[in-house]
Every structure is written in structure tokens, then in C-alpha cells.
Amino acid sequence: MKRGPLIAVIAAGVVLLAIAGTVLWLLQRPPGPQAVAEAYLGALAGGDADAALDRVASDSLDTSMIEAAFAGATATIADATVTDVIEDGETATASIAYTLDSVSGSGELMLQQTPTGWKVSPDGLGTLTITSTLGDAAAIGTGVFAVDEPVMLLPALYDVLPAPVGILTGAATVVVAPGSAATAALQPALSGTALEAASTQVQTYLDACTAPAAVVPEDCGIRVPWAADLATLSSVAFRVETAPTLAFAEDLSSFAATGGVLVATASGTTRDGSAGTFTYRTDDWSLRGGVAFTGNQLVLSVG
């Protein structure tokens, strides 16, 4: 007689648990495409790259470089609104309006269903292609990007600097709008500190060239005619009276450090077998080579 109510109580408990589970599922249901689009635009407006990319189907994106560029954005989207959303199965199109760099803009964001809910498609970002008359890279924010290759960026206003930064000048400002393809054409020139930086590199190289050695160093522009006086060379020492002066070619493809005065003292064995020391002087010591702007580096090559 007592088992009937007990069974009824258990059954009721099962029903209550089922109802509670249904309510919990409803509360945790992922947000719809409009809410995701609004959250994406809000993150852009707030300068939060992590939050913006969290709303993007970003498996195929290099998010670290996108974040590095966005860190240097000079203006972000403002007054962004979603004006309409059209769903079509597992995709949706959100019409948006916004202001960027004090200019009103509009466009569409494509969204897609993913295993973790609605996400903005990667084309909700923008692309930027950089061209440059000098060098193979440019800097945006804290990232360095190759020229002539489209890169995906979060919508914003960016300053694009020729690399090496500080060595080359001639920045360009560009608007990257949602779903747009932008270009930045750089025409770099040497900065005021470029010659100083290059001169330091050359001087370091020349210091190594003129260190005491057992042989005459190669690729240093140094010729010591010791063989005219010695059968064998045991050591050579140098005294720099005037260091060469550095200059770049007009097209920045090469350099020449010229006008140096160098004294070399060579020691060794003469042809009669005795020890000998001879001194040689040149008034036109020079060093020549090529110039390359690679990545974020100025590279001087001798030869």
C-alpha cells in the first residue's frame, strides 16, 4: 500500500528535473546573429581586438598579427548600429551603419552558424594591400607586414609606416572598412637618423677590419703589399688616421665609404730569413657594398 505514493513522488521528481533542464537550455542558448553582429561592432568601437575576434570565425586567420596591427589603430568605428538582419538557414546578412574617421559608412556583415554558435565571417574584416617603392615590409601597430600581399585587418583607421621604422619615412594613413579592400602606396625616403645608424654599422665593421691580425683581412677594402718586402707575414697592425666617409647612392641600392687614410705595419720574415717590419700607407682607403631594406632591418652588404 505504501509503494504507490512513493512511485508517484519519484515520477514527479523526474518531470520537475526535465522541466528545469529545459529552462536551463533556453537560458544558455547562444545569441542570434543580430546580437553577435552588435557585439562585434561594440568590441571594435571599444578597441578590444580579443573580444572582436572572439565573434569572428577566425580559424584561418593569423589573429596575433591582426591584434598587433589593431594595437596601433588611430581611430576605431563609432556610432555603429545593425539596421537589419536577414537569416537564411545557417547564414545571415546584417546591414550595418557606422562612423569611421568622422565619415559615415554602411555595409553588410555576413554571419555563419558554427559549432559554437553564430560568428561573423572572416570577410567582416577588411583587407589591406601595401605597395612600396623601397623595402619589402611595412609596420602597422606593433606588427611588420610584407608588401604586395593582402593582409586582413580589423576595421579601423591605421597609420602604415615603411620599414625599417625610424630609418625610412613616408607613412600613409588608410581606412580599412568592414568587408572592404584598401590599398596604401608608400614612397619611403631616408630619415635624418638613417645615415647615422648606417655609419655606426660601417664603423663597427671597419673596427673589426683594423684589429691586429695574422693576415690581411678580406672584404675590408685593404691592400697591404707586404709581399714586396717579406717572404712570410706573421702579423699586421693598423692605424686609422682618417675614417672613410659614408654616402648612399641616389637610388639607395648601394653605399660607398671613401676618403679613408690607413697605415698598416706588417711584420714577418724577409727573403734572407731575418725578421722584418715594414709600414705602408694609403690615402684612399674605401669600402663599398649594397643596401637592402629587409623586414624591419637596414642591411649593408660588403663586396
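In the predicted model, Gly268 has Gly276 of strand β17 as its bridge partner. This pair belongs to an antiparallel arrangement in which strand β16, residues 254-269, and strand β17, residues 275-294, are joined over 13 bridges. Five residues lie between the two strands of this hairpin, where Gly273 adopts a positive phi near 90°.

Strand β17 also pairs with strand β18, which covers residues 297-302; the two run antiparallel and are connected by six bridges. Within this pairing, Ala292 is matched with Val299 of β18. The hairpin formed by β17 and β18 has two residues between its strands, and Gly295 shows a positive phi near 60° there.

Thr270 is located in the loop that links β16 to β17. The relative accessible area of Thr270 is 12%, and this residue is therefore classed as buried, the cut-off being under 20%. The side chain of Thr270 makes a polar contact of 2.4 Å with the side chain of Asp272. When neighbours within four places in sequence are left aside, the contacts of Thr270 are Asp229, Leu230, Ala231, Ala275, Gly276 and Phe278. Gly276, the bridge partner of Gly268, is thus among the residues in contact with Thr270.

A second loop residue, Cys220, was examined in the segment between helix α5 (194-209) and strand β14 (232-242). Cys220 is buried because its relative accessibility is 3%, whereas the limit for this class is 20%. Beyond its neighbours within four places in sequence, Cys220 is in contact with Tyr205, Cys209, Trp285, Ser286 and Leu287. One of these residues, Tyr205, is separated from Cys220 by 15 residues in sequence and by 8.3 Å in space, C-alpha to C-alpha.

The nonpolar interior was then considered. The largest nonpolar core comprises 46 residues, and Tyr40, Leu128, Leu154 and Tyr158 have the most contacts inside it. Helix α2, residues 33-45, supplies the largest share of this core, with six residues. For Leu154, contacts outside the four nearest places in sequence are made with Tyr40, Leu44, Ala49, Ala52, Leu53, Ile66, Phe70, Leu125 and Val176. Tyr40, itself one of the residues with the most contacts inside the core, therefore lies within 4.5 Å of Leu154, counted between heavy atoms. A second, separate core contains 31 residues, including Leu233, Val236, Leu262 and Leu298.

Terms used. Residues are numbered from 1 along each chain as its sequence is written. This is a predicted model: local features need pLDDT of at least 70, side-chain atom pairs count only at pLDDT 80 or more; totals for chains, interfaces and linings use all residues. Side-chain values use heavy atoms; hydrogens and water are left out. Two strands pair if DSSP finds at least two bridges between them. Helices (H or I, at least four residues) and strands (E, at least two) are DSSP runs, numbered from the N terminus. Buried means under 20% relative accessible area, exposed over 50%, partly exposed in between (1.4 Å probe, protein chains only). A polar contact is a pair of N or O atoms within 3.5 Å; within protein, one must be able to donate a hydrogen and the other to accept it, and residues adjacent in sequence count only if both atoms are side-chain atoms. A nonpolar core is a set of buried Ala, Val, Leu, Ile, Met, Phe, Trp, Tyr and Cys residues joined through side-chain atoms within 4.5 Å.
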